[in-house]
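Thanks for coming. I'll take a few minutes to walk through one structure, starting with a pair of helices and ending with the ligand.

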Amino acid sequence: MYRYVQRDPDSSVYAAVSAVLDENEWIRCRRESPRFHLMLGDLNRLPWHTLGQTGVKPLVNYYRGARLICRKAQLTRTLNNYRSRMGRPPVPWYPESYVVSPRQNAKSTKRPPIIASTDDRDRLREAVTGRRDSVWIVKSSCGAKGLGMLITDSVEKAIDFVDSQGQLHVVQKYIENPLLLDGDRKFDIRVWVLLDHEFRVFMYKEGVLRTTSEPYRPDDLQATTSHLTNHYLQENFSQNYGLYEEGNEMFFDEFAAFLHRKHGKRLHDVLSQIRSIVLETFKSVREDLILAETASYRSFQLFGFDFMLDTSFKVWLMEVNGSPASAERLLPAMAQSIVQTAIDPLFPPAEEASQSTLFEPID
Ligand code: ADP
């Protein structure tokens, strides 16, 4: 029998993983139990220092340091540093991005930290001098749900916006030519990626598009629900939520049919760009994340990678989520596959699972 602790009651994915374990030869222990083989931890409260001090070398469901790619400012820094270390230009699949730290501002009621070394505002101003294009999106580094974002064609407005806030932001080139679905609607593509304890990379076979339910309006940058695909915004602020797709979600089979019918393109070609981006993203943090053989614990982690596709069928990375939810419909099979791919190899079950995992190795 193997023993596990479940310390994140709010994660629907790990609740489903627990249910799979409970049906097999796993015993769920008290959350404070010192002896366990597996910890399904809470991302923000993992006891890294005490893991593995009791004899068993446990497996934990997060990589320490993964925030290097899971926070927008850190992702920007990580990708820029990784390429400049090699003397190469920035990765071509992440929109031009600048980390801007808020300065003390008379209008601000908050007291933002001034961290000069993390402030790219001068580089940003320099980069846009003499340039005509330029719509920018401003995102809080640890923001989510599409809240607190600004889309603007003025870099000075973008910087003022950051100064009125209390945290680091990323000012990012707005992708102005997104590929649009029927009804001229924007979408992003979510894929789930599993990094196992040997730093092998697996991608889930099924992914989902998160769609807007309003036509894209490049001439109106305030029309949030036409620009941002986040479910939270669509559900709360679009009158058409659910009109085109149930829950504004389109799955890969329908997307593949759309690409073929409307553009004569193959989903396969989009996914092969996605695979290369995922691999290079992990390459950029491999040395920071990978654990030595002598470490007192092992890690695996599920990530949600979000992408956009433009009209030339180029894939762009938007962000990496370190504790993603699963689309409801995919959850049971994904939980089963997480167990099979990330947990079973270290703690083999007495009987082989009847179905094969839906995570495919991509490295
Ligand atoms: P969040 O953490 O709020 O989900 P994202 O970076 O994923 O933040 O952005 C949310 C949505 O905003 C994306 O799914 C996309 O629709 C839109 N968006 C974000 N960045 C850009 C960009 N650079 N160009 C065009 N649209 C963007």
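Start with two helices, α1, residues 12-22, and α10, residues 331-343: they pack with their axes 8 Å apart, at an angle of about 65°. Keep in mind that this is a predicted model. The crossing of α1 and α10 is right-handed.

Which residues meet there? From α1 we have S12, V13, A16, V17, A19, V20 and L21, and on the α10 side L331, P332, A335, Q336, I338 and V339. Sorted by class, this contact of α1 with α10 has 11 nonpolar residues, 2 polar ones and no charged ones.

Next, strand β8, which covers residues 169-173. Is β8 mostly covered or mostly open? Mostly covered: of its 5 residues, 4 are buried.

β8 has pairing partners to show you. One is β5, residues 97-100, which runs antiparallel to β8 over 4 bridges. In that pairing, H169 of β8 stands opposite V100. Another is β6, residues 136-140, also antiparallel to β8, over 5 bridges. Here V171 in β8 is the bridge partner of V138.

That brings me to the ligand, since β6 turns up again there. There are 19 residues around the ligand, and those that come nearest are I175, D188, T229, M318 and E319. The elements giving two or more residues to this shell are β6, β14, at 301-309, and β15, at 315-321.

How many residues of each class does the shell around the ligand have? The count is 8 nonpolar, 5 polar and 6 charged. So much for the tour; I'll take questions.

Definitions and conventions: Residues numbered from 1 in each chain as written. Predicted model: local features only at pLDDT ≥ 70, side-chain atom pairs only at ≥ 80, totals over all residues. Buried ≥ 20, exposed ≤ 12 C-beta atoms within 10 Å, placed from the backbone. Pairing = 2+ DSSP bridges. Axes fitted to C-alpha atoms, helices over the stretch in contact; angles between N-to-C directions. Left-handed = near helix turned anticlockwise from the far one by under 90°. Contact = placed C-beta atoms within 7 Å. Nonpolar A, V, L, I, M, F, W, Y, C, P; charged D, E, K, R; others polar. Near = placed C-beta within 6 Å.
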